[in-house]
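Good morning, colleagues. I should like to take a few minutes to introduce a structure that is new to most of this group. Please look at the sequence and the model on the screen.

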Amino acid sequence: MKPDVLTFGIEEEFFVVDRRGHLSQAGDDVVDAAEAAEDVQGELQHELNLSQAEAATGVCSTHAEALRQLGGLREDLAKAARARGYRLLPAGAPPLSEAEPPRITPNPRYQRMAEHFGATARTSLTCGCHVHVAIPDQARGIDVLNHVRPWLPALLTITANSAIADGFDTGYASWRYHQWSRWPSAGPPPRFASLDEYESIVDGWLRSGAILDRGMIYWDVRLSEKQPTLEFRISDVAATPTEAVLLGVLARGLVATALAEDGPAPELSNEVLRGRLWRASKEGVTGCCPHPGTGDLEPAKAVLDDLIALTAPALEAAGDLDFAREATARLAAEGGGADRQRRAFAEKNRAEDVVDLLTGSG
């Protein structure tokens, strides 16, 4: 069965920092100013705290379209930030140590979250990248989710971009993943027997107050609450649009491949998957990653090559195969966001140099 060419979209969260690289309170102002610009492709959104801004592409059919939209959205936000004396920072966690957390955005939902979850909400200083891939319906979406779960560690390595946080080297390629996991609904989803089981867990969370609404279903991959999509939430915001789009096309390839699959999803306990995710978050794209088929540690590049081989028919059908191969090879050879952060930090042990690198000010 030939895989369908599915539409997809990408959401990116950013920090808005001042000239020194510290978190600002200007995220809302920057979003509002960028929205007023002409020819904005996609959507700009406010986030949980006032140091953040979010950009989301429209529905995309090709990787070139996604690249163009992400590049344009980043430039719109960066331009609005510069005009106000700020910088747009694509990092999974703040590189510099902050004296106090930024204020919560004055939105009733966000204020309620802050009151209910306390320090978890007020110190949730992370920026992620979310990929939406079209699915036929929610029941099929559950089956696809079960098939893609084992590949979540490999996907996490692609955009790992939070090695330097709070002024020091954390020892992790994606420190954001650990910070984000403090939310009670975050982490890898289980292998679901049915859509009813998915809904029963969500209902239990709502009854206990572990989530306040369905928008707080924070699994690493979930059914989207707003679009007919499967939403991958595993990743740091990418250092570059190319890395974000590589994540997007591989996620799309996985979904298309799973939709064309007739067999049952792999058996994989959440406990084992959580351990594999820990290892992937520690080492990133230039380290080792547990292989989803064997569980053995292999170079992340080898695991990603196997992912490309698995999804090659879907990637080729969508026109993504050459892009995926070239971008993955370049990423493995040059290092990802976490590797570039470490190289910048190592020269003088200054987290400010990491900010300069990621904001293009170095």
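**A buried arginine, one helix and two positive phi angles**

Let me begin with Arg276, which is located in helix α10, the helix formed by residues 270–283. Please keep in mind throughout that this is a predicted model.

Is Arg276 buried or exposed, and how far away is the nearest side chain of opposite charge? Arg276 is buried, and yet it has no salt bridge. The nearest side chain of opposite charge belongs to Asp296, at a distance of 7.8 Å. A salt bridge would call for a side-chain nitrogen of the arginine within 4 Å of a carboxyl oxygen. As for what Arg276 does touch, leaving aside neighbours within four places in sequence, its contacts include Pro153, Pro290 and Pro292. Leu268, His291, Thr294 and Gly295 are also among the residues in contact with Arg276.

I turn now to helix α8, which runs over residues 195–208 and has 14 residues. From the first C-alpha to the last, α8 reaches 20 Å, close to the 20 Å expected at 1.5 Å a residue.

Which residues of α8 are buried? They are Tyr198, Val202 and Trp205. These residues lie on the same side of α8, because they cover an arc of only 55° around the axis. The cover over the buried residues of α8 includes α5, residues 138–148, and β8, residues 221–223. On the face of α8 turned away from that buried side, we find the exposed residues Asp196, Arg207 and Ser208.

Both ends of this helix deserve a remark. At the N-terminal end, Ser194 acts as a cap for α8, with a side-chain oxygen 3.3 Å from the backbone nitrogen of Asp196. Just after α8 comes Gly209, which takes a positive phi of about 85°.

Positive phi values also appear in residues other than glycine, and I shall mention Asp166 and Asn349. Asp166 has a phi near 60°, and its place is the loop between β6 (164–165) and β7 (168–169). With a relative accessibility of 44%, Asp166 counts as partly exposed. For Asn349, phi is near 55°. Asn349 sits in the loop between α13 (337–348) and α14 (351–359). Its relative accessibility is 57%, so Asn349 counts as exposed.

To close, I would direct you back to Arg276, buried and without a salt bridge. Thank you for your attention.

Notes
Residues numbered from 1 in each chain as written. Predicted model: local features only at pLDDT ≥ 70, side-chain atom pairs only at ≥ 80, totals over all residues. Heavy atoms only, no water. Helix = DSSP H or I, 4+ residues; strand = E, 2+ residues; numbered from the N terminus. Buried < 20%, exposed > 50% of the residue type's maximum accessible area, 1.4 Å probe, protein only. Lys, Arg positive; Asp, Glu negative; His and termini not counted. Contact = heavy atoms within 4.5 Å. Expected span 1.5 Å × (residues − 1). Arc of directions from axis to C-beta. Polar contact = N/O pair within 3.5 Å; in protein donor to acceptor, adjacent residues only side chain to side chain.
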